[in-house]
Amino acid sequence: MSIEQIFVEQAEYLEEESFQKWNAEHPDETSILRKIMQGGAKLISGPRGCGKTTLLLKAFHKMIGTPDAAFPVYRSGRVCLNRYS
């Protein structure tokens with residue numbers, strides 16, 4: 001693994017294997033992920049770098065590995081936001 005692959009600032013740029021290896025768990029993570037993976041719209045807010053994308057990617061990867069879960073789609077807003085800034 002190259003140094004560029006290890007020191008990536010954003011979780012969305014890591015391959016799934018590296019993402020799983022390098023992230024940390026929150027004590028309430030199971031409860032939080034369960035709520036995120038339930039149906040309905042969610043609003044996740046917080047300052048830059050607090051883990052919003054990491055949390056959504058954890059839910060995405062967990063749902064991919066669960067046969068009876070809804071079909072997850074992950075879409076980064078970074079490209080859209082950069083286009084209009």
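Is Glu-29 buried or exposed? Select Glu-29 to find out. At 11% relative accessibility, Glu-29 counts as buried, because the cut-off for buried is under 20%. Keep in mind that this is a predicted model.

**Stop 1: the salt bridge.** Now add Lys-58 to the selection. Lys-58 forms a salt bridge with Glu-29. Put a distance label on the closest N and O atoms: they are 2.6 Å apart. The two partners sit in distant parts of the chain, with Lys-58 in helix 4 and Glu-29 in helix 3, 29 residues apart. Lys-58 is buried too, at 9% relative accessibility. Look for no further pairs of this kind, since the structure holds one salt bridge.

**Stop 2: the second largest pocket.** Stay with these helices. The second largest pocket has a volume of about 270 Å³. To find its centre, select Ile-36, Leu-56, Ala-59, Met-63 and Val-73, the closest to that point of the 16 lining residues. Then show helix 3 (29-37) and helix 4 (52-64), the elements that give two or more residues to the lining. Helix 4 supplies the largest share, four residues. Next, colour the lining by residue type. You should see 11 nonpolar residues, three polar and two charged.

**Stop 3: confidence.** Finish by colouring the protein chain by pLDDT. The average is 76, and 78% of the residues score at least 70. Where is confidence lowest in the protein chain? Select residues 78-83: this is helix 5, with a mean of 51. Then go back to helix 3, where confidence is highest, at 88. Helix 3 is also where the tour began, with Glu-29.

Notes
Residues are numbered from 1 along each chain as its sequence is written. This is a predicted model: local features need pLDDT of at least 70, side-chain atom pairs count only at pLDDT 80 or more; totals for chains, interfaces and linings use all residues. Side-chain values use heavy atoms; hydrogens and water are left out. On a 1 Å grid over the protein atoms alone, a cavity is a set of points where a 1.4 Å probe fits but cannot get out, and a pocket is an open set with protein on both sides within 12 Å along at least five of seven lines; lining residues have an atom within 4 Å of a point. Grid points are joined across faces, edges and corners, and a volume is the space filled by probe spheres set on the points. Ala, Val, Leu, Ile, Met, Phe, Trp, Tyr, Cys and Pro count as nonpolar, Asp, Glu, Lys and Arg as charged, and the others, Gly among them, as polar. pLDDT is the predictor's confidence in each residue, from 0 to 100. A salt bridge is a side-chain nitrogen of Lys or Arg within 4 Å of a carboxyl oxygen of Asp or Glu. Buried means under 20% relative accessible area, exposed over 50%, partly exposed in between (1.4 Å probe, protein chains only).
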